[in-house]
Amino acid sequence: GTAVAAAVNSEIAASVALFLWLVIDWIRIGRPGLVGLCVGAIAGLATVTPAAGFIQPWGALILGVVATVLCYCCCELLKHFGLD
């Protein structure tokens, strides 16, 4: 039911976001970081939570990708402008 869908979709979105954040860090910085992995996972979880029980697994994958790109860009903008 809905609870199983929520659990599966939460896992998918968090895993995709974590992995993509790792890849982006590896490409841009030259190495992955533990903080980046944690931030990526949280970005995926926070993004999928409202919809987790009502979307298909492919939707969770897309949300994980979108969450990673948007959150990574926002973090880079914060660094660029010196905001905390």
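How many residues does helix α1 have, and how far does α1 reach from its first C-alpha to its last? Keep in mind on this tour that you are looking at a predicted model.

**Stop 1: the whole helix.** Select residues 2–29 to light up α1. Helix α1 has 28 residues and spans 39 Å between its first and last C-alpha, close to the 40 Å expected at 1.5 Å a residue. Now step just past the end of α1: G30 follows, and its phi is positive, near 100 degrees.

**Stop 2: the buried residues.** Within α1, colour N9, S10, A13, A14, V16, A17, W21, L22 and D25, which are buried. What covers them? Show α2 (34–48) and α3 (57–81), which are included in the cover. As you look along the helix, remember that residues three or four places apart point the same way, because an α-helix has 3.6 residues a turn.

**Stop 3: the partner helix.** Keep α1 and α2 on screen. Their axes lie 7 Å apart and the two helices pack at an angle of about 145 degrees. The crossing of α1 past α2 is right-handed. Next, select the residues that meet: from α1 these include A13, A17 and W21, and from α2 they include G36, G40 and G44. Sorted by class, this contact of α1 with α2 has 11 nonpolar, 5 polar and 1 charged residues.

**Stop 4: one residue up close.** Zoom in on S10, which is found in α1. Is S10 buried or exposed? S10 counts as buried because its relative accessible area is 19%, and the cut-off for buried is under 20%. Leaving aside neighbours within four places in sequence, S10 is in contact with L45, V48 and A52.

Note on methods. Residues are numbered from 1 along each chain as its sequence is written. This is a predicted model: local features need pLDDT of at least 70, side-chain atom pairs count only at pLDDT 80 or more; totals for chains, interfaces and linings use all residues. Side-chain values use heavy atoms; hydrogens and water are left out. Helices (H or I, at least four residues) and strands (E, at least two) are DSSP runs, numbered from the N terminus. The expected span of a helix is 1.5 Å times one less than its number of residues. Buried means under 20% relative accessible area, exposed over 50%, partly exposed in between (1.4 Å probe, protein chains only). Contact means heavy atoms within 4.5 Å. Axes are lines fitted to C-alpha atoms, for helices over the stretch in contact, and angles run from 0 to 180 degrees between N-to-C directions. A crossing is left-handed if the near helix is turned anticlockwise from the far one by less than a right angle, and right-handed if clockwise. Ala, Val, Leu, Ile, Met, Phe, Trp, Tyr, Cys and Pro count as nonpolar, Asp, Glu, Lys and Arg as charged, and the others, Gly among them, as polar.
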